[in-house]
Structure formats: structure tokens, C-alpha cells
Amino acid sequence: MTRIEGEDHNRDTDVSVPRVRREPHVVRRVVPGDVETLVEVLARAFDDDPVPQWLFRGDRRRRRGLRRFFAIQLRHTYLERGEVYTTGELAGAAMWSPPGRARPGWRDLVRLVPVMPYLTGLGRDTPEAARLLSAVDAARPVEPHWYLATLGTDPERQRTGVGSALLGSVLDGVDAEGLPAYLESSKESNLAFYGRHGFEVTGEIRTPRGGPTLWLMWRRARPPAA
Ligand SMILES: CC(C)(COP(=O)(O)OP(=O)(O)OC[C@H]1O[C@@H](n2cnc3c(N)ncnc32)[C@H](O)[C@@H]1OP(=O)(O)O)[C@@H](O)C(=O)NCCC(=O)NCCS
């Protein structure tokens with residue numbers, strides 16, 4: 001069971017967890033003082049992601065672009081209008097948009113468009129990036145849902161349960177509300193991970209000339225627990 005620090009827990013549930021187990025990652029809400037560290041964590045986590053690899057020309061520009069993107073996403077979008085979680089050790093971050101609020105996401109990249117030529121070097125990807133973003137936007141389901149905009153774990157801490165803890169802590173609440181959830185995955189290798197958390201692939205968005213594919217994943221509303 002994942003614990004969200006500072007929120008109520010059902011202690012009875014803890015008793016059923018096997019005795020031999022790793023300490024769970026403590027999940028808590030992000031505060032402004034975490035942003036600087038988490039920007040670096042997310043920039044490292046997404047460094048080899050196909051979207052920024054495609055979007056930005058060169059390692060230095062990509063890293064600068066990723067830092068700028070995550071700083072905007074955290075500070076100006078999700079801390080204000082969404083829900084952002086991390087672990088006690090700032091090993092990763094998850095940014096969610098609950099139903100009924102504005103649905104930012106990859107389209108936060110639009111804020112980078114004015115500086116895109118500078119960041120990408122040649123700037124020739126700007127129209128393709130804008131096309132991808134509008135396709136992503138158009139594909140979003142209209143049914144009210146929780147939207148997972150970003151989930152990333154520091155590469156050194158991956159495969160230790162951080163991502164599952166960050167996902168699971170919010171999905172517990174999503175299930176309690178009886179709502180579905182949605183995300184776009186830019187890595188085929190993540191599909192099994194999300195599948196294990198109840199997401200199913202419902203579509204794909206492809207970009208021209210060997211650009212990245214985005215997999216659209218939907219997690220159906222669960223019936224309330226008995
Ligand atoms: C996708 C991502 C968020 C997963 O985060 P994570 O912290 O590695 O997630 P977990 O450790 O909970 O689980 C990852 C895998 O490790 C396994 N795992 C968890 N704890 C483990 C442990 N102690 N020992 C070995 N394996 C373990 C999980 O079972 C899971 O396996 P699966 O992929 O076959 O389902 C992470 O890989 C990441 O940040 N990737 C780069 C950014 C990215 O692609 N984000 C998603 C955008 S769509």
C-alpha cells in the first residue's frame with residue numbers, strides 16, 4: 001500500500017501486506033521548494049524519450065528544453081491547476097489533471113513555441129510539433145477523467161517501485177471516485193507497466209518521417225470496492 005503523507009490511511013489494510021517487504025515509498029504532494037530538484041529529476045527521466053529526442057536538435061538543446069518544459073509544467077501549470085506528487089526522497093514526480101479542470105499536458109509545449117527555433121537549433125520541427133500537439137489534444141476523451149500528464153522516475157531509482165507508488169496513490173482515489181483515467185505514452189516499453197496498472201491502449205498517434213508514436217491509454221472506471 002502506498003501512503004500519501006498527511007492524508008488519512010486505513011490502517012486495517014496495512015495488516016494484510018506480507019511481512020517481508022521493502023519499505024513503501026511515501027508519496028506526498030509537491031511544494032514549491034521541490035520544483036528545482038524535480039525539474040532535474042524529470043529532465044533526466046525523459047532524456048531518452050522519443051518526443052524530446054525528435055523535437056530538440058542536440059544533447060545540450062534537448063536538456064535545456066526539457067528543463068524549461070518541466071519548470072513551466074510544474075510551476076505554472078500543475079502546481080496551480082493540477083495535482084503533483086513526489087516521494088519523500090524526491091525520486092520522481094507525477095502530474096495529474098483532475099476532471100473538470102483545464103487539461104494541460106504535452107500541449108504545455110506550446111509555451112515553448114516562441115523559443116523553439118532557438119532550442120531546436122534549426123526550428124524546422126515547430127510546425128510538426130504543433131501538428132502533433134493538436135492531434136494529441138483532439139484525441140483526448142470528452143468523458144470526465146483523471147489525466148496523467150507526466151510520470152517520471154529518476155533513472156537511478158527506476159524499477160524500485162517509485163512509479164507504481166506515484167501512480168497507485170492517485171489511482172486509489174480515482175477508483176474511490178468511480179472515475180476513469182487517461183494518458184499518452186511516448187514509449188512502447190511503458191505499455192506493459194501501465195497495463196499492469198489497468199490502462200489499455202485505445203489508439204495511436206504517429207508522426208511523419210519516423211517521428212515518435214504516442215499510445216493513447218484509457219483506464220476504465222472501477223466499480224466501487226465492496
Ligand atoms: C515509466 C516509469 C515512470 C516507471 O517508473 P519506475 O519507478 O521504474 O516504476 P516501478 O519501479 O514502480 O515499476 C517499473 C518496473 O519495475 C518493476 N519493479 C518494481 N520494483 C522492483 C524491484 N524492487 N526490483 C525489480 N523490479 C521492480 C515493476 O514490476 C515494473 O515492471 P513492469 O514494467 O514489468 O511492470 C519510469 O521508467 C520512467 O520514469 N521512465 C522514463 C520516463 C517515462 O517514460 N515516463 C512515462 C511517460 S509516458
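Which residues are buried in helix H2, residues 35-45? Let's start there. In H2, the buried ones are Leu38, Val39, Val41, Leu42, Ala43 and Ala45. And what covers them? The cover over the buried residues of H2 includes H4, S3, S4 and S5. Keep those names in mind, since they come back as we go.

Before that, one thing to say out loud: what you see above is a predicted model. Okay, the overall picture. The chain has 226 residues, and 34% of them count as buried. Its secondary structure comes to eight helices and eight strands. Now take the contacts between residues at least 6 apart in sequence: 69% of those join residues at least 24 apart.

Right, on to H4, one of the elements covering H2. Helix H4 covers residues 59-81, which is 23 residues. At 1.5 Å a residue we'd expect a span of 33 Å, and the end C-alpha atoms sit 31 Å apart, so the two agree. H4 does bend, though, by about 35 degrees at Leu74. Leu74 is also on the list of buried residues in H4, together with Arg62, Gly65, Leu66, Phe69, Phe70, Gln73, Thr77 and Tyr78.

Just ahead of H4 there's a loop coming from helix H3, residues 50-55, and Phe56 lies in that loop. Is Phe56 buried or exposed? Buried, because Phe56 has 23 C-beta neighbours inside 10 Å, and 20 is enough to count. If you want to find Phe56 relative to H4, look at Leu66: the two are 10 residues apart along the chain, and their C-alpha atoms are separated by 9.1 Å.

Now the strands. S3 is residues 83-87, and four of its five residues are buried, so S3 is largely enclosed by the rest of the structure. S3 pairs with strand S2, residues 26-29, in the antiparallel sense, over three bridges. If you'd like one pair to click on, Arg28 has Thr86 in S3 as its bridge partner. S3 also pairs with strand S4, residues 92-97; those two run antiparallel as well, joined by four bridges. There, Glu83 stands opposite Trp96 in S4. One bit of background while we're on strands: in a regular strand the side chains alternate between the two faces of the sheet.

S3 and S4 make a hairpin, with four residues between them. Sitting in that loop is Leu90. What is odd about the phi of Leu90? Phi is positive there, about 55 degrees, although Leu90 is not a glycine. The background is that most residues other than glycine have a negative phi. As for its surroundings, Leu90 counts as partly exposed, because 17 C-beta neighbours lie inside 10 Å.

There's another residue like that. Arg159 has a positive phi of about 65 degrees, and again Arg159 is not a glycine. You'll find Arg159 in the loop between S5 and H7. Arg159 is exposed, because there are 10 other C-beta atoms within 10 Å, and 12 or fewer makes a residue exposed.

That loop takes us to H7. This helix has 16 residues, which should span 22 Å at 1.5 Å a residue; the ends are 23 Å apart, C-alpha to C-alpha, so that agrees too. Its buried residues are Val162, Gly163, Ala165, Leu166, Leu167, Ser169, Val170, Leu171 and Val174. Let's stop at Ala165. With 23 C-beta neighbours inside 10 Å, Ala165 counts as buried. And here's a nice one for long-range thinking: Ala165 and Pro24 are 141 residues apart in sequence, yet their C-alpha atoms are 7.8 Å apart in space. After H7 comes Gly178, with a positive phi near 70 degrees.

Last stop, the ligand. How many residues surround the ligand? There are 21, and the closest are Thr153, Gln158, Gly163, Ser164 and Phe193. The elements giving two or more residues to that shell are strand S5, residues 146-153, helix H7, residues 162-177, and helix H8, residues 191-196. Sorted by class, the shell has six nonpolar, 11 polar and four charged residues. Notice Gly163 here: it is among the closest to the ligand, and it is also one of the buried residues of H7.

That's my tour, thanks for listening!

Key:
Residues numbered from 1 in each chain as written. Predicted model: local features only at pLDDT ≥ 70, side-chain atom pairs only at ≥ 80, totals over all residues. Near = placed C-beta within 6 Å. Nonpolar A, V, L, I, M, F, W, Y, C, P; charged D, E, K, R; others polar. Pairing = 2+ DSSP bridges. Contact = placed C-beta atoms within 7 Å. Expected span 1.5 Å × (residues − 1). Bend = angle between axes of the 7 residues up to and from the residue.
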